[in-house]
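Got the viewer open and a selection box ready? Let's take a walk through this one, stop by stop.

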Amino acid sequence: KVASFQLFAQKAALLGDNEAKKLYFRAAQYLADSAFAIIKKLGWENKNVPVSYYGGLFKTGDLILAPLKDCLKVINCTLIAPKYTAAEGALLLCIKNFK
């Protein structure tokens, strides 16, 4: 149900609704906060960390990607497009870690 609500928010944002646009900015802040928590746990605060993404939310394009890119810059991260699908990435991690 939450994912289906996002479709309404997307439509509203594309029609210029500022409150809907704010939802995407808040989502981007939350995602950047999550990335920073992981970076901090790994002790990488002083590194420029590449961050990628996956999931249906990102099909909204710049509605989420533009604010996410800006939020990640604040924590010294660079947003990069995924190189592989989630399944391919998981398979590569398995191969790398179970040789």
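Start by selecting V2, A3, F5, Q6, L7, A9, L23, Y24, A27, G56 and L57, the residues that line the largest pocket. A pocket here is an open set of points on a 1 Å grid over the protein atoms alone, where a 1.4 Å probe fits and protein lies on both sides within 12 Å along at least five of seven lines; lining residues have an atom within 4 Å of a point. The space in this largest pocket comes to about 260 Å³, a volume being the space filled by probe spheres set on the points, which are joined across faces, edges and corners.

Before you go on, a word on what you're looking at. This is a predicted model, in which local features need pLDDT of at least 70 and side-chain atom pairs count only at pLDDT 80 or more, while totals for chains, interfaces and linings use all residues. Residues are numbered from 1 along each chain as its sequence is written, and side-chain values use heavy atoms, with hydrogens and water left out.

**Around the largest pocket**

Colour the lining by class and you'll find 9 nonpolar, 2 polar and no charged residues. For that count, Ala, Val, Leu, Ile, Met, Phe, Trp, Tyr, Cys and Pro are nonpolar, Asp, Glu, Lys and Arg are charged, and the others, Gly among them, are polar. Which helix gives the most to this lining? That's α1, with 6 residues. Both α1 (2–14) and α2 (18–42) supply at least two lining residues each.

**Zoom out**

Now show the whole thing as a cartoon. You should see 4 helices and 2 strands, running α-α-β-α-β-α from the N terminus on. Helices (H or I, at least four residues) and strands (E, at least two) are DSSP runs, numbered from the N terminus. The C-alpha atoms fill a box of roughly 50 × 30 × 20 Å, taken along the principal axes. Of the 99 residues, 25% are buried; buried means under 20% relative accessible area, exposed over 50%, and partly exposed in between, with a 1.4 Å probe and protein chains only.

**Down α1**

Select α1 and look at Q6, A9 and A13, its buried residues. Seen down the axis of α1, these buried residues fall within an arc of 60°, so they line one face of the helix. The arc is that of the directions from the helix axis to the C-beta atoms. Spin round to the face turned away from the buried side, and there are the exposed residues L7, F8, K11 and L14. The cover over the buried residues of α1 includes α2 and α3 (62–74). Step just past the end of α1 to reach G16, with a positive phi of about 100°.

**Along α2**

Next, α2. Try putting a distance between its end C-alpha atoms: they are 36 Å apart, which agrees with the 36 Å that its 25 residues should span at 1.5 Å a residue. The expected span is 1.5 Å times one less than the number of residues. Highlight A20, Y24, A28, A32, A35 and I39 to see the buried residues of α2. Among what covers them are α1, β1 (49–51), α3 and β2 (77–79).

**Stops in the loops**

Between α2 and β1, click on N46. It is exposed, with a relative accessible area of 78%. The C-alpha atoms of N46 and A9 are separated by 35 Å, with their positions 37 residues apart along the chain.

Move on to the loop between β1 and α3, where T60 is found. Is T60 buried or exposed? T60 is buried, at a relative accessible area of 10%. Leaving aside residues up to four places away in sequence, T60 touches Q6, Q10 and Y24, where contact means heavy atoms within 4.5 Å. G55 lies in that loop between β1 and α3 too, and is partly exposed at 30% relative accessible area.

Then find N76 in the loop between α3 and β2. Although N76 is not a glycine, its phi is positive, about 65°. Most residues other than glycine have a negative phi. N76 is partly exposed, with a relative accessible area of 32%.

**Last stop: the second largest pocket**

Finish by selecting S52, Y53, Y54, I80, A81, P82, K83, Y84, T85, A86 and G89, which line the second largest pocket. About 220 Å³ of space lies in there. What is the lining made of, by class? It divides into 7 nonpolar, 3 polar and 1 charged.
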